[in-house]
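Q: Please give a close account of one part of this structure, its interior. Which local backbone features might then be set beside it?

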Amino acid sequence: MNALSSQDLIAVIGAGAMGSGIVQVALNAGHRVALYDAAPAALARGVASIDATYRRLLDKGKIDAATHADRMARLLPAESLDDLARAALVIEAIVEDLDIKARVLSEVEALLGEHAIIATNTSSLSVTAIAARLKRPAQVAGLHFFNPAPLLPLVEIVSGKATAPEVADTLFATALAWHKVPVRCASTPGFIVNRVARPFYGEALRLLADCAASAATIDAILRDVGGFRMGAFELMDLIGHDVNYAVTKSVYDALYQDPRYKPSLLQKDLVDAGWLGRKSGTGFYAYGDNAVRPASFVAQDAPRPAQVIVEGDLGVAAPLIQLAHDAGLAVTVSQAAAGRALLWIDGVAIALTDGRSALQRLADGDPAGIVFDLAFDYRNGGAIALAAADLAQDGAMQTATGFFQALGKRVLIVDDVPGMVVMRTVAMLANEAADVVQQGVASAADTDLAMVNGVNYPRGPLAWADLIGAAAVGRVLANLAAAYGDDRYRSAPLLLRRALNGRRFHTGASA
Ligand code: NAI
């Protein structure tokens, strides 16, 4: 599997945000790079922005003057597509329109040598459909960078129906040589990242629509309990609601309105209002000099409990037991009633959410009137989220709060909704990732690698499912499906299979 040589000419079409970034990646790897844009002013802007980026690196001492001069000397602004004829690889990063992309790429294909590779940076169009419009579809693939391309490591190498395996191999090896993290996937809507990430936004939007908590509280839980770099609402504000809503809609439509990807009216409303997020000054939050970020719903200080009884196997939440010991609480272990996993705090039963609301648990005869959310790291994490059933015993929330505060955790409170915040989000991410694997879109390893490197997830969704246990994730989904009566929460067949056969996603063993 050979990478392109640094002697090979790379051509980039489109000098916008992505094209300019991709040019830098190839220049940094030692190539000569021809850059073309239909608008001469856009080409000039692109070249100026690349130069400005290198000047900033120069000012910071990250590169020296000779490197700056050498890179700029290898950047070859092209006046016409004819100047790209000798390229070994053409990367297209123009407007997201199938007809326009196909027209420009056909024109350039006619000029290129027969072994040249044509790559598209499309995020939402079918690579198969673009390739089918060209004469040599076997030479065409997706090379999907993330914005900003020089900084974000992930590159999805997308094979269309006709893409030759050697072409994908060459792109994979070349991306590695360019110090990127390449993953392979098939041309399906959203590829890996833009598909698997949908529930991160979708579940948060549904929780907000159901008034389960404020945007600030949900974001704080995703960040401080779930370990995500940003909360869903602050991230959507950063991406821009026009862009994020369009991606959701395109994946939803491309998958024939599967309810799993259903867009949210809350977000449509923001788009309709022109509240696009940071770039317009308002989104879920207000931006600007005087903007004040609303506070999240944090519980008041509560008394330290006296006694903790552990009943059953707490699974992923088991580190809480050691923490309770470390905090000097009196911890005892009791005989467990069948299937139970509870902590009794001064007589109040609490449990890790299993996708049921606490009220549903009480109705089912389970004593836990207080539930806590999944945490990225129970041991070292600084926060926990709690919910109380309407019919929980008096003072139960205060007792549970006092327990987690004694363990050094800030307690965030949400309404008693099925699956809380992190658990339902992670279960849905893992479910989507399982379908990506089952459907042959990408391997389990590449799917997790993509989510960690493309969107900075603290842990790959399938590694998370391995940690929680596929059976537990399956129970969460089944309980969500029962609570909402919605096909959105149906379990992926591969997740069910892992739940039954007890195998992990990441052993490398086959299903
Ligand atoms: P952009 O609007 O910043 O730049 C597009 C450039 O293409 C403009 O300079 C425009 O003058 C030029 N162009 C338009 N039609 C052309 C034509 N017929 N021939 C030559 N040049 C033409 O767009 P951006 O954001 O750089 O996106 C480019 C592509 O990359 C799209 O396919 C987009 O879906 C994809 N993408 C975008 C990401 C993002 O976060 N912005 C992330 C990953 C992929």
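A: A residue is called buried under 20% relative accessible area, exposed over 50%, and partly exposed in between, with a 1.4 Å probe and protein chains only. The model is predicted, so that local features need pLDDT of at least 70 and side-chain atom pairs count only at pLDDT 80 or more, whereas totals for chains, interfaces and linings use all residues. Residues are numbered from 1 along each chain as its sequence is written, and side-chain values use heavy atoms, with hydrogens and water left out.

The largest nonpolar core has 107 residues. Such a core is a set of buried Ala, Val, Leu, Ile, Met, Phe, Trp, Tyr and Cys residues joined through side-chain atoms within 4.5 Å. The residues with the most contacts inside this core are I350, F372, Y378, F403 and F404. Helix α16 (residues 422-438) makes the greatest contribution, 10 residues; helices (H or I, at least four residues) and strands (E, at least two) are DSSP runs numbered from the N terminus. I350 shows how this core is put together: beyond residues up to four places away in sequence, I350 touches L342, L343, I345, A368, I370, F372, A400, F403 and F404, where contact means heavy atoms within 4.5 Å. A second core, separate from the largest, has 38 residues, including L35, A141, F145 and I157.

Helix α18 (residues 461-468) is a further part of the interior. This helix is largely enclosed by the rest of the structure, because 6 of its 8 residues are buried. Those buried residues are P461, L462, W464, A465, D466 and I468. Their cover includes α7 (193-196), α16, α17 (444-454) and α19; α16 is also the helix that gives the most to the largest core. Directly after α18 comes G469, with a positive phi near 100 degrees.

Helix α19 (residues 470-484), one of the elements that cover α18, contains L480. L480 is buried, with a relative accessible area of 0%. Apart from neighbours within four places in sequence, the contacts of L480 are G355, P418, G419, R424, G485 and Y489. L480 and A427 stand 53 residues apart along the chain, yet their C-alpha atoms are separated by 10.0 Å.

Three backbone features in loops can be set beside this interior. As background, most residues other than glycine have a negative phi, and most peptide bonds are trans. D346 has a positive phi, near 45 degrees, although this residue is not glycine. D346 sits in the loop between β11 (342-345) and β12 (348-352), and this residue counts as partly exposed because its relative accessibility is 38%. Its neighbour in this account, I350, is by contrast one of the residues with the most contacts inside the largest core. Q257, likewise not a glycine, has a positive phi near 55 degrees. Its place is the loop between α11 (241-254) and α12 (265-273). Q257 is partly exposed, since its relative accessible area is 43%. Finally, the peptide bond that joins N147 and P148 is cis, with omega about 0 degrees. P148 belongs to the loop between β6 (140-145) and β7 (154-159).
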